[in-house]
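Colleague: I should like to learn how to read the features of a protein model. May we work through one together?

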Amino acid sequence: MTDPDSPTFDPDWDLATIAIRAGHRRTAEGEHSEPIFPTSSFVFDSAAEAAARFAGDQSGNIYSRFTNPTVRIFEERLAAMEGGECAVATASGMAAIMAVCLGLLEAGDNIVSSRSIFGTTTILFNRYMRRFGVTTRYAPLDDLSAWEHAITPDTRLLFVETPSNPLTGLGDIRALADLAHAHGCLLVVDNAFCTPALQRPLDLGADIVVHSATKYLDGQGRCMGGAVVGDAKQVGEEVHGVLRTTGPSLSPFNAWVFLKGLETLDLRMQAHSRNAGQLAAWLETQTAVEKVYYPGLHSHPQHALAEAQQRSPGGILSFVVKGGKEAAWRVIDATRMLSITANLGDVKTTITHPATTTHGRLSDEDKAVAGIAAGLIRIAVGLEGIDDIQADLARGLDA
Ligand SMILES: *Cc1c(COP(=O)(O)O)cnc(C)c1O
């Protein structure tokens with residue numbers, strides 16, 4: 001058997017190899033695929049061993065809220081893929097972001113965040129963290145001087161999501177990391193859209209990566225989960241301590257599904273990007289389309305940054321159809337194959353009207369500031385045949 005404390009991967013391995021091999025120490029059964037351990041607690045050989053485990057003098061499993069072997073394989077594999085020292089898995093992406101806040105902030109602290117983040121993250125910051133004395137100020141994703149102006153001596157975290165949803169704006173991770181560090185702050189990057197297959201924020205200077213594993217890490221729309229990746233102190237101790245104490249832990253079954261997802265992540269993300277790139281180029285040629293947002297297009301104002309920071313442009317694009325909301329709804333309702341749902345990161349292509357769904361609660365003025373036009377449609381491009389995806393959209397665009 002392999003030494004339980006020896007690394008299960010070589011950091012020089014290709015990402016695809018790490019995604020398939022890292023984290024698994026074969027048990028005495030000699031299993032080839034990673035085992036699922038659906039057990040709430042673990043048994044000790046003696047009272048002395050139990051005491052040593054609880055005291056932290058001996059490593060090993062205690063209770064699945066904070067130590068489960070299947071969850072640990074997922075954590076080790078994802079940490080290796082992101083190039084981080086360690087990862088902590090959570091019950092959802094929101095639990096990951098909450099655990100970062102609870103683990104690293106206290107009353108009086110301040111977050112400076114991109115304005116263009118997942119809507120529920122904004123509610124977490126504005127409604128719930130605020131109740132505990134943590135305030136948040138917002139800056140436009142691509143305006144570094146606005147970020148700098150928003151930072152005060154109380155600022156502890158900079159929080160960014162790149163590319164943004166739904167307009168695919170980019171934040172310059174390296175520049176934001178430099179800014180954070182110049183002010184004694186940490187940079188947290190929500191990497192759900194790119195995954196480590198397309199973007200490794202820690203390599204660019206970020207301190208912490210958060211994930212909604214529900215999206216591309218699963219990749220087939222099955223399980224809820226999340227993760228925080230970073231160093232042994234902030235993540236391994238502080239964030240893990242929050243999980244151990246508050247309990248939004250990942251189930252071993254979900255961890256196992258994500259492990260199977262990671263094994264094909266590299267392949268899938270390249271294929272999502274390829275399909276999205278073809279669809280974006282085709283949409284630009286359609287007379288019914290006013291504008292297409294996709295980092296892989298030369299018309300994207302941050303195309304050069306996307307090429308420098310990401311391995312490929314990703315699977316999400318949006319576009320504005322002429323004729324406002326009525327025209328957008330017509331395109332959506334004319335589809336027969338695409339799924340009308342706000343989820344993303346699935347092999348099935350999804351289509352959304354942001355102005356009346358994900359961004360529906362914004363006032364008209366806030367929508368205008370955020371660039372959410374009435375004719376805007378977001379597509380999370382899946383892995384169906386690209387001709388079939390185009391044909392499904394053409395029905396409504398040609399009408
Ligand atoms: C979905 C999502 C989240 C929240 O993740 P859940 O798993 O749904 O809790 C956070 N950030 C981004 C960018 C997301 O897309």
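The dialogue below moves from the whole chain to one helix and then to single residues.

Modeller: Please keep in mind that this is a predicted model. We may begin with the overall fold.

Colleague: How many helices and strands are there in the chain?

Modeller: The chain contains 15 helices and twelve strands. Its radius of gyration is 22 Å, close to the 21 Å that the globule rule gives for 399 residues, so the chain is as compact as a globular protein of that length. Along the principal axes, the C-alpha atoms fill a box of roughly 75 × 50 × 35 Å.

Colleague: What percentage of the residues count as buried?

Modeller: Of the 399 residues, 54% count as buried. The surface that the chain exposes is about 17,300 Å², and carbon and sulfur atoms supply 53% of it. As to contacts between residues at least 6 apart in sequence, 71% of them join residues at least 24 apart.

Colleague: Let us turn to a single helix. Why do residues three or four places apart in an α-helix point the same way?

Modeller: The general idea is that an α-helix has 3.6 residues a turn, so residues at that spacing point the same way. In this structure, helix α13, residues 324-334, has A327, A328, V331 and I332 as its buried residues. Seen down the axis of α13, these buried residues fall within an arc of 135 degrees, so they line one face of the helix. E326 and D333, on the other side of α13, are exposed.

Colleague: Against which elements do the buried residues of α13 pack?

Modeller: They pack against the strands β9 (316-321), β10 (339-340), β11 (350-352) and β12 (376-380), and against helix α15 (386-398).

Colleague: How should one read a single position, for instance T136? Is T136 buried or exposed?

Modeller: One compares its relative accessibility with a cut-off: buried means under 20%. T136 has 13% relative accessibility and therefore counts as buried. T136 is found in strand β3, residues 135-139. Not counting residues up to four places away in sequence, T136 touches N110, I111, S113, F125 and N126.

Colleague: Which residues is P196 in contact with?

Modeller: P196 lies in helix α8, residues 195-198, and counts as buried because its relative accessibility is 3%. Leaving aside neighbours within four places in sequence, the contacts of P196 include L15, L78, M81, E82, H211 and L265. P196 and A373, by C-alpha positions, are 31 Å apart in space and 177 residues apart in sequence.

How values were computed:
Residues numbered from 1 in each chain as written. Predicted model: local features only at pLDDT ≥ 70, side-chain atom pairs only at ≥ 80, totals over all residues. Heavy atoms only, no water. Buried < 20%, exposed > 50% of the residue type's maximum accessible area, 1.4 Å probe, protein only. Helix = DSSP H or I, 4+ residues; strand = E, 2+ residues; numbered from the N terminus. Arc of directions from axis to C-beta. Contact = heavy atoms within 4.5 Å. Rg over C-alpha atoms; globule rule 2.2 N^0.38 Å. Areas by Shrake-Rupley, 256 points an atom, 1.4 Å probe, with all protein chains shown as cover.
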